[in-house]
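User: I want to check the labels used for this model. Take me through the terms and the values behind them.

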Amino acid sequence: MTGLRTESGPSYAAVLGVGAYRPSRLVPNSEIVDAIDSSDEWIQQRSGIRTRRFATDDETVVSMSVAASQQALEAAGIDVQQVDCVIVATVSHLMQTPSAATAIAHELGADQPAAFDISAACAGFCHGVALANDMVRAGSARYALVIGVERLSDITDPTDRGTAFIFADGAGAVVVGPSETPGIGPVVWGSDGEHYDHIRSRQDWRDVLASDEPQMPHLTMKGNEVFRWASFSMAKVAQQALDRAGVTVDQLDCFIPHQANNRITDAMARSLRLPDSVRIARDIVDAGNTSAASVPMALRRMIDDGDARSGDVALLIAFGAGLAYAAQVVVVP
Ligand SMILES: CC(C)(COP(=O)(O)OP(=O)(O)OC[C@H]1O[C@@H](n2cnc3c(N)ncnc32)[C@H](O)[C@@H]1OP(=O)(O)O)[C@@H](O)C(=O)NCCC(=O)NCCS
C-alpha cells in the first residue's frame, strides 16, 4: 500500500491579537427588575452584574463578529486574506444553516477559508482556541480566527427570575497563528452529560411547532446546581490546566474565567489560592454573562485597561451548558 504524504506545522502556536464588540444598548438592572420582581441590590449581590448590553436589530451575530474580528486582525497585524480557518462559537445564531462562520468570513473579505460553527455553549470559545492551536501546529491552518459571539437577549425570557438578569450580548475574537515560543498550553476539556438538562432550551423546535401557541424556546437554567458545579468542579479543571502547562499560581499574571457570576469567580480564585498579584477579569459587572463571547471580551477589556500586558501568562477557563468545559493557559499577545 502506498503511504500517504502528511503535513505538519510549526512547533508552537499563540494568540496573536484580540478584539471585542460591545453592543450599543446599555441595559441597567433597573430595566430588568420589574418583570422578575427583583432589585438592583439583589442582582449585584448575587451575580456582580450592574449593567449589560443588548444588541439592537442591526447588531447581528454576523455584524458583531465582523467588528470583533477586524479589531483582532488589526491587533495581530494579519491581513484577512491570510486567514484560512474561521471558527465561530455560538448558541444564538438563529439560522440553523448555513453556519454563521461562512457569512462572517465572506463579510470580512476572507479568501474562501474553512469556516464552521461549534456548539459548546459558554465553553465554546476555549474549545475554539484549543482547535485552532492544534490546527496551526498540525499544519492544517496557518492563521485561524476564533470568534465567540452571542445575542442571548433573543433567547432569554425577560420574565424568568433565574436567567433574565444574567444573560447578555456581545462578541470577542482572537487570531491564532504560528509562534517561535509556546503561546497556548494544553487544553483540559470535557463534558458532564449526566447534567445535560441543567442549562438548556426549554423545548426543541418540533415541540415548539406542535404547540398551539408557539413561543421562542428560551433558555432555562437550574441556577443553584450550576452554581455548585461551577464553583467546586471548575477550580479542579483550572488547576489541571495550570499543571499541564507547567505553570504555578505564583507565575500566573491574569485569571480570565467565563464571566458567569462574580461569586463563581471568587470561589474558583479561593480554591486555586491565587495570590493577590494575579489580576482577575471582572467584565461581568457591566457586560453580563455573554456565554461564548465572555472570555475574549474580558481579555480585551483587561488589555485595554492595562491589566493584561504583552507576555503575561493568563489562565482561561469556560464552562456552561452540556455541561461542557475547557481551560488552557495562554500568553497575552
Ligand atoms: C442564578 C443565581 C444568581 C441565583 O442565586 P441563588 O442564591 O442560587 O438563588 P436561589 O434560586 O437559591 O434563590 C435564593 C432566594 O432568592 C430569591 N430569588 C431567586 N431569583 C431571584 C431574583 N431574580 N431576584 C430576587 N430574588 C430572587 C429566591 O426566591 C430565594 O428566596 P428565598 O430564600 O426567600 O426562598 C445563582 O444560582 C447562580 O448564579 N447560578 C449560576 C449561574 C451561572 O453561572 N450560569 C451560567 C453558567 S454558564
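User: What makes the approach of Arg 161 to a nitrogen atom of the ligand a polar contact?

Analyst: A polar backbone atom of Arg 161 is 3.0 Å from a ligand nitrogen. A polar contact is a pair of N or O atoms within 3.5 Å. Therefore the pair qualifies. The model is predicted: local features need pLDDT of at least 70, side-chain atom pairs need 80 or more, and totals for chains, interfaces and linings use all residues. Numbering starts from 1 along each chain as its sequence is written, and side-chain values use heavy atoms, without hydrogens or water.

User: Which atoms of Ser 38 and Gly 223 come into such pairs with the ligand?

Analyst: For Ser 38, a side-chain N or O atom, 2.6 Å from a ligand nitrogen. For Gly 223, a backbone N or O atom, 2.9 Å from a ligand nitrogen. On its own the ligand has 960 Å² of accessible area (Shrake-Rupley, 1.4 Å probe). The protein covers 71% of that.

User: How do you know where the ligand sits?

Analyst: The ligand sits in the second largest pocket. To sit there, more than half of its atoms must lie within 2 Å of the pocket's grid points. A pocket is an open set of points on a 1 Å grid over the protein atoms alone, with protein on both sides within 12 Å along at least five of seven lines.

User: Why is the ligand said to lie between two domains?

Analyst: Domain 1 (12-179) and domain 2 (188-331) both give residues to the shell, so the ligand lies between them. The bounds come from an automatic or database domain assignment.

User: How many residues surround the ligand, and which element gives the most?

Analyst: There are 23 residues around the ligand, each with a heavy atom within 4 Å. α6 gives the most, with 4 residues. By class, the shell has 12 nonpolar, 8 polar and 3 charged residues; Gly counts as polar.

User: What makes Asp 37 and the bond from Thr 97 to Pro 98 stand out?

Analyst: Most residues other than glycine have a negative phi, and most peptide bonds are trans. Asp 37 is not a glycine, yet has a positive phi of about 45°. Thr 97 and Pro 98 are joined by a cis peptide bond, with omega about 5°.

Conventions: A polar contact is a pair of N or O atoms within 3.5 Å; within protein, one must be able to donate a hydrogen and the other to accept it, and residues adjacent in sequence count only if both atoms are side-chain atoms. On a 1 Å grid over the protein atoms alone, a cavity is a set of points where a 1.4 Å probe fits but cannot get out, and a pocket is an open set with protein on both sides within 12 Å along at least five of seven lines; lining residues have an atom within 4 Å of a point. Helices (H or I, at least four residues) and strands (E, at least two) are DSSP runs, numbered from the N terminus.
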